[in-house]
Amino acid sequence: MLIEEYFVRLEQTLASCPYVLQTTLTKEKRAPHLGFVKGTIVFSPGIQLSIMEFVQSEPRLEKTKYRYHCQDASGKLLFRYDDAPHHRTSTFPHHKHVRTTGKGETIVASFPPSIEALVDEVVDLVEQEAQGS
């Protein structure tokens with residue numbers, strides 16, 4: 001897959017989500033199979049997903065560095081995936097920060113999510129908020 005194909009997949013995923021209000025993404029082709037994506041996606045009701053990823057599309061799709069930070073309209077962390085080597089988990093250096101009630105956040109083992117999985121996770125949050133959960 002060429003990196004442009006990955007960029008198209010990213011755009012199609014966001015365009016197909018009815019909760020996406022705004023996107024400000026910069027996509028840079030660094031080589032035929034290497035790219036960089038950075039920016040913010042705003043979902044209804046103000047949930048923001050900030051993305052930063054270096055992507056290699058051959059021989060298989062791989063995120064060589066990434067950070068996905070999701071926060072609510074007031075700026076409070078909902079979740080963050082990253083591969084900074086600052087938390088020892090079974091998937092080191094990959095992990096996820098999850099907001100918890102009272103404690104602040106919990107770190108869990110995780111692998112880099114696909115853009116589809118990220119959007120699905122935010123949609124679940126949007127729908128939970130709409131139901132008053």
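**Exercise 1.** Are Phe-79 and Tyr-81 buried or exposed?

*Solution.* The model is a predicted one. Start with Phe-79: this residue is buried. Tyr-81 is buried too.

**Exercise 2.** Classify the ring pair Phe-36 and Phe-54, then locate its two members.

*Solution.* Step one: recall the limits. Planes under 30 degrees apart are stacked, and planes over 60 are edge-to-face. The rest are tilted.

Step two: apply them. Four aromatic pairs are counted in this model. For Phe-36 and Phe-54, the ring centres are 4.6 Å apart and the planes meet at 40°, so this pair is tilted.

Step three: place the rings. Phe-36 belongs to strand S2 (residues 34-43), and Phe-54 to strand S3 (residues 47-56). They are 18 residues apart, so the pair links distant parts of the chain.

Step four: check burial. Buried means under 20% relative accessible area. Phe-36 has 11%, so this residue is buried. Phe-54 has 28% and is therefore partly exposed.

**Exercise 3.** Describe the surroundings of the Phe-79 ring.

*Solution.* First, look for a ring partner. Phe-79 pairs with Tyr-81, with 5.6 Å between centres and 75° between planes. That pair is edge-to-face. Next, look for a charge. Lys-96 lies over the face of Phe-79, 5.4 Å from the ring centre.

Now find a second example of a charge over a ring. The charged end of Arg-88 sits over the ring of Phe-92, at 4.0 Å from the centre.

**Exercise 4.** Which residues of the largest nonpolar core touch the most other members?

*Solution.* The core holds 27 residues. The best-connected members are Ile-41, Phe-43, Leu-49, Phe-79 and Val-122. Then ask where the core residues come from. Helix H1 (3-15), S1 to S5 and helix H2 (115-130) each supply at least two. H2 gives the largest share, six residues.

Take Leu-49 as a close-up. Its contacts beyond four places in sequence include Ile-41, Phe-43, Phe-79, Leu-118 and Val-122.

**Exercise 5.** In what order do the strands of the sheet run, and which are the edge strands?

*Solution.* Begin with the order: S1-S2-S3-S4-S5-S6-S7, seven strands in an open sheet. The pairing is antiparallel. The edges are S1 and S7 (104-109), each paired on one side only. From one strand to the next, the twist averages 10°.

Zoom in on one pairing. S5 and S6 (residues 95-100) join over four bridges. Asp-82 stands opposite His-95 in S6.

Finally, add a helix. H1 packs on the sheet and touches S1, S2, S3 and S4. The directions of H1 and S1 make about 175°.

Key:
Residues numbered from 1 in each chain as written. Predicted model: local features only at pLDDT ≥ 70, side-chain atom pairs only at ≥ 80, totals over all residues. Heavy atoms only, no water. Phe/Tyr/Trp six-rings, centres within 6.5 Å; stacked < 30°, edge-to-face > 60°. Buried < 20%, exposed > 50% of the residue type's maximum accessible area, 1.4 Å probe, protein only. Lys NZ or Arg CZ within 6 Å of the ring centre and 35° of its normal. Core = buried A, V, L, I, M, F, W, Y, C linked by side-chain atoms within 4.5 Å. Contact = heavy atoms within 4.5 Å. Pairing = 2+ DSSP bridges. Axes fitted to C-alpha atoms, helices over the stretch in contact; angles between N-to-C directions.
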